[in-house]
Amino acid sequence: MAKKDSLKLNIAVIHPDLGIGGAERLIVDAAVELASHGHKVHVFTSHHDKNRCFEETISGTFPVTVYGSFLPRHIFYRFHALCAYLRCLFVALCVLVMWSSFDVILVDQVSVIIPLLKLKKSTKVVFYCHFPDLLLAQHTTLLRRVYRKPIDFVEEITTGTADLILVNSKFTASTFANTFKHLHARGIQPAVLYPAVNVDQFDEPKSIKPIFLSINRFERKKNIDLAISAFAMLNALKDGDLQGCNVAEVSLTIAGGFDKRLRENVEYLEELKSLAEREGVSERVNFVTSCSTAERNALLSQCLCVLYTPKDEHFGIVPLEAMAAQKPVIACNSGGPVETVKHGATGYLCEPTPHEFSLAMAKLIQDTQLAEKMGLEARQHVTESFSRTIFGRRLNRYLVDVARCKRD
C-alpha cells in the first residue's frame with residue numbers, strides 16, 4: 001500500500017472554461033489536492049480570464065495553458081454545445097500534438113475528447129461527469145431535437161470510452177444509469193466522488209446580520225426567483241419585533257457568477273431586478289455580480305442563512321461552502337442537497353415553493369440562537385464528510401489505481 005501511495009504521476013486536467021462556478025471550483029480543488037500529493041499537474045482550458053477566476057489558478061500552484069480562446073462560444077447566441085465541443089476538441093488536439101504523454105488525464109463536462117486523448121495508448125483518461133449534458137440541454141422544438149440527437153448520441157458513446165468515470169453524487173449516479181442505458185447494460189458504473197470545500201478558508205462568524213444570502217450563477221435554471229418570492233412573503237408576517245429583529249430590517253443579498261458575454265446572465269439579472277420591483281422589495285434586495293472569493297466569504301460571515309434554490313441540482317457546492325462558514329442552509333428537497341444538508345440539524349430541506357421557503361426563513365429570524373446552533377453542527381458535518389483533504393485523498397486513490405493498472 002505504501003508503494004502505491006508514493007507513486008508520483010504526470011497529470012493533465014482539461015476543462016472547457018476556467019471561470020467561476022461549481023464545476024470550476026471542483027476542478028481547481030482537484031488540481032490543488034493532486035499537486036499537494038506530489039503529482040505534477042498541468043491544467044488546460046479554452047478560456048481563462050485572470051480577472052474572473054479562482055485565485056488558485058493564478059497563484060502558481062499549477063500551470064494553466066490556454067488553447068483556442070479565439071474560437072466562438074456561440075453562433076448568434078445559438079449552437080453553444082457544438083461550439084463547446086469544438087473548443088474542447090481543439091484543446092485536446094493541442095495537448096495531443098504539443099505535449100508528451102501524461103500518466104493520467106482528468107476530463108470533465110465534455111466527453112467527446114476522450115477517444116482523441118486515448119490515441120496515446122500510454123495515457124489513462126478519467127472522466128468526471130457532473131451531470132449528463134443531454135439532460136441539461138433543451139429539447140423543446142423539433143429543430144432543437146434534431147440538433148441535439150447526434151450530440152446526445154456522441155456523449156453516451158464517448159463517455160463509455162473513459163478508463164474510469166466519476167460522478168458528484170448518488171443522485172447523479174442513478175441519473176447516469178437511467179440516462180445512459182447502453183452503458184449501464186454493459187456494466188459501466190460510475191464511482192461517486194463528492195466535491196469538497198476548503199473548510200480552513202472560512203473564519204469564525206463575527207457580527208451576524210439579518211441577511212439572507214443566495215449564491216448562484218445568474219442562470220434561469222438556478223431558480224433564483226424563488227429566493228426573491230420567498231423573501232417577499234416574509235412581509236406577510238405581522239409587523240413588529242421577531243426576537244428583536246423587525247421584518248423590515250431583514251434583507252436579501254443575491255451574489256454569484258456573472259459573465260457579460262453570456263446573454264442569459266445579462267437578461268436574467270434584469271428579470272430578477274424586475275421581479276424584486278414587482279414584489280415591492282427592491283430596496284431590500286442587493287445584487288452582487290462576480291464577487292471575489294474574499295468578498296463571498298465576507299458575505300457568508302455576516303449573513304444569517306443561505307438560500308439554495310435550484311431544483312434537482314445534481315450536487316451543489318454552495319451548501320457546503322455555507323455550512324463550512326457555519327451557516328444553516330435552506331435548500332430544495334431534491335438532488336444533491338438531500339445528500340449534504342441534514343434536515344433540521346444543519347438547515348432545512350423544503351419543497352421549492354415561496355411559502356415553504358419563507359416558513360423556514362421565519363424560523364431562523366425568530367430564533368437566531370437556533371441559526372447559530374445549526375451553523376456549528378453544519379461546520380462539523382462538512383469537516384467530517386466533505387473537506388477538501390478527504391476529497392483529495394479519494395481522488396488521489398482513484399488516479400493512482402488507474403495509473404497502476406496501466407503499469408501492471
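## The open sheet

Seven strands make up an open sheet in this predicted model, and their order is β3-β2-β1-β4-β5-β6-β7, with parallel pairing. At the edges stand β3 (64-66) and β7 (191-192), and each has a single partner strand, so one side of each is left without a neighbour in the sheet.

Further in, let's look at one pairing up close. Strand β5 (residues 124-129) and strand β6 (residues 164-167) run parallel and are joined by 4 bridges. If you want a residue pair to click on, try C129, whose bridge partner in β6 is V167.

## Strand β13 and its partners

Now for another parallel arrangement, built around β13. Strand β8 (residues 211-215) runs parallel to β13, with 3 bridges joining the two, and L213 stands opposite V306 in β13. β13 also pairs with strand β14 (residues 329-332), again in the parallel sense and over 3 bridges. Here Y308 stands opposite A331 in β14. To get from β13 to β14, the chain passes through helix α12 (residues 318-324), and this β-α-β crossover is right-handed.

Which way do the side chains of β13 (residues 305-308) point? C305 and L307 go one way, while V306 and Y308 go the other. That is the pattern to expect, because side chains in a regular strand alternate between the two faces of the sheet. Are these four β13 residues buried or exposed? All of them, C305, V306, L307 and Y308, are buried.

## The loops around α12

The crossover has a loop on each side of its helix, and both are worth a stop. In the loop between β13 and α12 you'll find D312. Its phi is near 55°, a positive value in a residue other than glycine. D312 has a relative accessible area of 38%, so it counts as partly exposed. H314 sits in the loop between β13 and α12 too, but H314 counts as buried because its relative accessibility is 17%, below the 20% cut-off. What is the C-alpha separation between H314 and K170? It comes to 8.9 Å, although H314 and K170 are 144 residues apart along the chain.

On the other side of the helix, Q326 lies in the loop between α12 and β14. Q326 is another residue other than glycine with a positive phi, in this case near 65°. At 12% relative accessibility, Q326 counts as buried.

## The whole protein

Zooming out, the protein has 16 helices and 15 strands. Its chain has 408 residues, and 54% of them count as buried. If you take the contacts with a separation of 6 or more, residues 24 or more positions apart account for 71% of them. The accessible surface is about 18,300 Å², and carbon and sulfur atoms hold 54% of that area.

## Cavities

How many cavities of 30 Å³ or more are there? The count comes to 2, and the largest has a volume of about 50 Å³. The lining of this largest cavity includes V95, L96, W99, F102, I105 and L117. S100, S101, K120 and T123 are also among the residues that line it.

Terms used:
Residues are numbered from 1 along each chain as its sequence is written. This is a predicted model: local features need pLDDT of at least 70, side-chain atom pairs count only at pLDDT 80 or more; totals for chains, interfaces and linings use all residues. Side-chain values use heavy atoms; hydrogens and water are left out. Buried means under 20% relative accessible area, exposed over 50%, partly exposed in between (1.4 Å probe, protein chains only). Two strands pair if DSSP finds at least two bridges between them. A crossover is right-handed if, with the strands pointing away from the viewer, the path from the first strand over the helix to the second runs clockwise. Contact means heavy atoms within 4.5 Å. Accessible areas come from the Shrake-Rupley method with a 1.4 Å probe; for residues, only the protein chains shown count as cover. On a 1 Å grid over the protein atoms alone, a cavity is a set of points where a 1.4 Å probe fits but cannot get out, and a pocket is an open set with protein on both sides within 12 Å along at least five of seven lines; lining residues have an atom within 4 Å of a point. Grid points are joined across faces, edges and corners, and a volume is the space filled by probe spheres set on the points.
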